[in-house]
Amino acid sequence: MDLRVEFAGLVLKNPIITASGTFGFGLEFMNFGDIKRLGGIVVKGLSLKPREGNPMPRIAETPCGMLNAIGIQNPGVEAFVRDKLPLLPWRETAIIANLYASSVQEFGELTGVLAGEEGVAALEVNVSCPNVHTGGAAFGQDPTQIRKVTEQVKKCAAGKPVIVKLSPNVTDIGLCARAAQDGGADAVSLINTLLGMAVDIRTRRPRLANVVGGLSGPAIKPVALRCVHQAAKAVDIPIIGIGGIVSAEDALEFILVGASAVEVGTANFLRPDQSFRIIDDLPRAMLKARCKSIDELRGTLDVSR
Amino acid sequence: MVVRNCREVKVRELRFLGAWDGPSDFVELTLENPGWDGYRPGQFAMLRPSGWGLDLTWGRPLSISRADAESVTFFFQVVGRGTERMAALKAGDAIIIWGPLGNGFSAPPDTPTTLLAGGMGLAPFRGYIERHPTPEFLRLVFAHRPDLDCYPYAAMSEKVRAEEVRERTPDDLPVVIERIETAVRETANGLVLACGPTPFLKTVQQAARTHGVRAELSLESRMACGVGACLGCVCKDGGDKHVQVCARGPVFKADDVRL
């Protein structure tokens, strides 16, 4: 079985990447598996300056999923480069930095800080966070802005692959993927969380201090598959599939509709070794899908009737 | 001082040995030995019954009540979907568990130490009392609303000086607060350890400040991961910065946390 995948200038030993915000900086999971075995790690969203994030409560469990409104709490890009990156096994596994900023110019500055870091394999541009009031999804819902941000990051990335993470909270995901491609993106990743809400009838309060938050987990997998399917038809650049993946079978479903790799997010909360278990289980799931390599399965969905 | 425990943490699948025959909403859950006899009282674990499907997303953070070479015990109250389903487990059922997590309470020998427990906050003190090098220095003050029979109080009161105070109606609240404040005041030069609901902890924190008594507070929080990744369980530290209850706590020096 060949688990290797190559796309957008990245060579990954398998298609399983941990998703931003669900795997810390990777170091938090070293007790639960050998993080060098992961195809890649997308670290917690980074901003130019440290951010305290949103008030509590920030998370709520929902059927087959969860809502979060963390608000990109992070120590800032410089602390990441200084304190976290040197501890990560970046020679063995792809460390992908996730970027958050509130203006096109700030995205450029942030990219500039990371562009020269040998340990960073690629940049994932977050134009889709639903939990911050400036930037984030405000960019992700406007194809013109997606293209501008992508162009700016690409310009400052010194050749590092640029992945644009797209929001599903749009009318036409294909249009957004196309905007990223037009801006020079090397790949797109999708989907970020769906905007959602939960309330408590006893207290008559929202369950999140931010009132609304991002829905993730198995509940959103059908939406995610549909989005990846539509994006795959709209663009030629590689796609990283994200949304509700908890098993090797789930991962292969995204490959089947056209993804080059996948990100595993909320499943890391089911149990902290879940991403490693998915990798262990991939060969068995590939037997089921009757493929010897990931490449052989990619984009082979048969929609004929 | 709050000391960190450095034991190896792994995900294990353990068999459920049995629960006590108490009131149905109060569950004492004993699992086969995970090798945690070196845990530090105050630490917690994440539990997820193997039979849970995908409809429940997170494990549940529970304070370790006691552990020895044969077993580990948790004590919890049914408060929602997860704990309801954990209460319905049968002997032999498997549970996915990761821990021990977080830090624990200080346990200085030969130091007058007052354990202040509010309701389910009694749980971690069971193991604390069992393991303390000089239990004759310990005093337990237990504030509760439901009947005393709902808690493993009797077994604990045999081992240390213990007293309880019950809040039957809201009118009893001033009496409970007075007992907490008195207990803190009487621990001058000693150590106060508290575990319970946030209003209870606030009372302890305030009293400790007023009387200049050293205190540690064990916080509870909703958690998704329990290992410091999701940032869903933060509280504010003394400098008003968000810190994770799971990774930096759950036990904090009273001065290091804003409630």
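**Strand S6 of chain B**

I began with strand S6 of chain B, residues 94-101, in this predicted model. Six of its eight residues are buried, so I recorded S6(B) as largely enclosed by the rest of the structure. I then looked up its partners. Strand S1 of chain B, residues 10-19, runs antiparallel to S6(B) and is joined to it by six bridges. Within that pairing I noted Val11(B), whose bridge partner in S6(B) is Trp98(B). Strand S3 of chain B, residues 44-49, also pairs with S6(B) in the antiparallel sense, here over five bridges. For this pair I entered Pro49(B), which has Ile95(B) as its bridge partner in S6(B).

I also checked the backbone of S6(B). The peptide bond from Gly99(B) to Pro100(B) is cis, with omega near -5 degrees. Pro100(B) has its place in strand S6 of chain B. I set beside this the general expectation that most peptide bonds are trans.

**The six-stranded sheet of chain B**

Next I traced an open sheet of six strands in chain B, in the order S9-S8-S7-S10-S11-S14, and found its pairing mixed. Its edge strands are S9 (161-166) and S14 (251-253) of chain B, each pairing on one side only. From one strand to the next, the twist averages 20 degrees.

Inside this sheet I examined S7(B), residues 113-118, and S10(B), residues 191-195. These strands run parallel and are joined by five bridges. Thr114(B) stands opposite Val192(B) in S10(B).

I then asked which helices lie on these strands. Helix H5 of chain B, residues 198-211, packs on the sheet and touches S7, S8, S10 and S11 of chain B. The direction of H5(B) makes about 165 degrees with that of S11(B). H2(B) lies across S7, S8 (138-144), S10 and S11 (214-218) of chain B, and it runs at about 155 degrees to S7(B).

**Burial of H2(B)**

Is helix H2(B) enclosed or open to the surroundings? I found seven of its nine residues, 123-131, to be buried, so the helix is largely enclosed by the rest of the structure. I listed the buried residues as Ala123(B), Pro124(B), Phe125(B), Arg126(B), Gly127(B), Tyr128(B) and Ile129(B).

**Helices H2 and H4 of chain A**

Turning to chain A, I looked up the packing of H2(A), residues 104-115, on H4(A), residues 143-156. Their axes come within 8 Å and cross at roughly 30 degrees. Angles under 35 degrees count as roughly parallel, and H2(A) and H4(A) are therefore entered as roughly parallel to each other. I noted the crossing of H2(A) and H4(A) as right-handed.

On the H2(A) side the contact is made by Val104(A), Phe107(A), Gly108(A), Thr111(A), Gly112(A) and Ala115(A). H4(A) contributes Lys148(A), Val149(A), Gln152(A), Val153(A), Lys155(A) and Cys156(A). By class, I recorded six nonpolar, four polar and two charged residues in this contact.

**Backbone geometry in the loops of chain A**

I found a cis peptide bond joining Met56(A) and Pro57(A), with omega about -5 degrees. Pro57(A) lies in the loop between strand S4 (40-42) and S5 of chain A.

I then turned to phi, bearing in mind that most residues other than glycine have a negative value. Ala158(A) departs from this with phi near 50 degrees, a positive value. Ala158(A) lies in the loop between H4 and strand S9 (162-165) of chain A. Is Ala158(A) buried or exposed? A residue counts as exposed if 12 or fewer other C-beta atoms lie within 10 Å of its own; Ala158(A) has 11 and is therefore exposed.

Val211(A) likewise has a positive phi, near 70 degrees. I located Val211(A) in the loop between strand S13 (205-206) and strand S14 (212-216) of chain A. With 12 C-beta neighbours inside 10 Å, Val211(A) also counts as exposed.

**Contact between the chains**

Last, I looked up how many residues each chain gives to the contact. Chain A supplies 31 residues and chain B supplies 24. On the side of chain A that touches chain B, strand S5 (59-62), strand S6 (65-68) and helix H8 (267-270) of chain A each supply at least two residues. I entered the classes for this side of chain A as 15 nonpolar, ten polar and six charged residues.

Key: Residues are numbered from 1 along each chain as its sequence is written. Chains are lettered from A and ligands numbered from 1 in the order in which they are written. This is a predicted model: local features need pLDDT of at least 70, side-chain atom pairs count only at pLDDT 80 or more; totals for chains, interfaces and linings use all residues. A residue is buried if 20 or more other C-beta atoms lie within 10 Å of its own, exposed if 12 or fewer, and partly exposed in between; C-beta atoms are placed from the backbone. Helices (H or I, at least four residues) and strands (E, at least two) are DSSP runs, numbered from the N terminus. Two residues are in contact if their C-beta atoms, placed from the backbone, lie within 7 Å. Ala, Val, Leu, Ile, Met, Phe, Trp, Tyr, Cys and Pro count as nonpolar, Asp, Glu, Lys and Arg as charged, and the others, Gly among them, as polar. Two strands pair if DSSP finds at least two bridges between them. Axes are lines fitted to C-alpha atoms, for helices over the stretch in contact, and angles run from 0 to 180 degrees between N-to-C directions. Angles under 35 degrees count as roughly parallel, over 145 as roughly antiparallel, 65 to 115 as roughly perpendicular and the rest as oblique. A crossing is left-handed if the near helix is turned anticlockwise from the far one by less than a right angle, and right-handed if clockwise.
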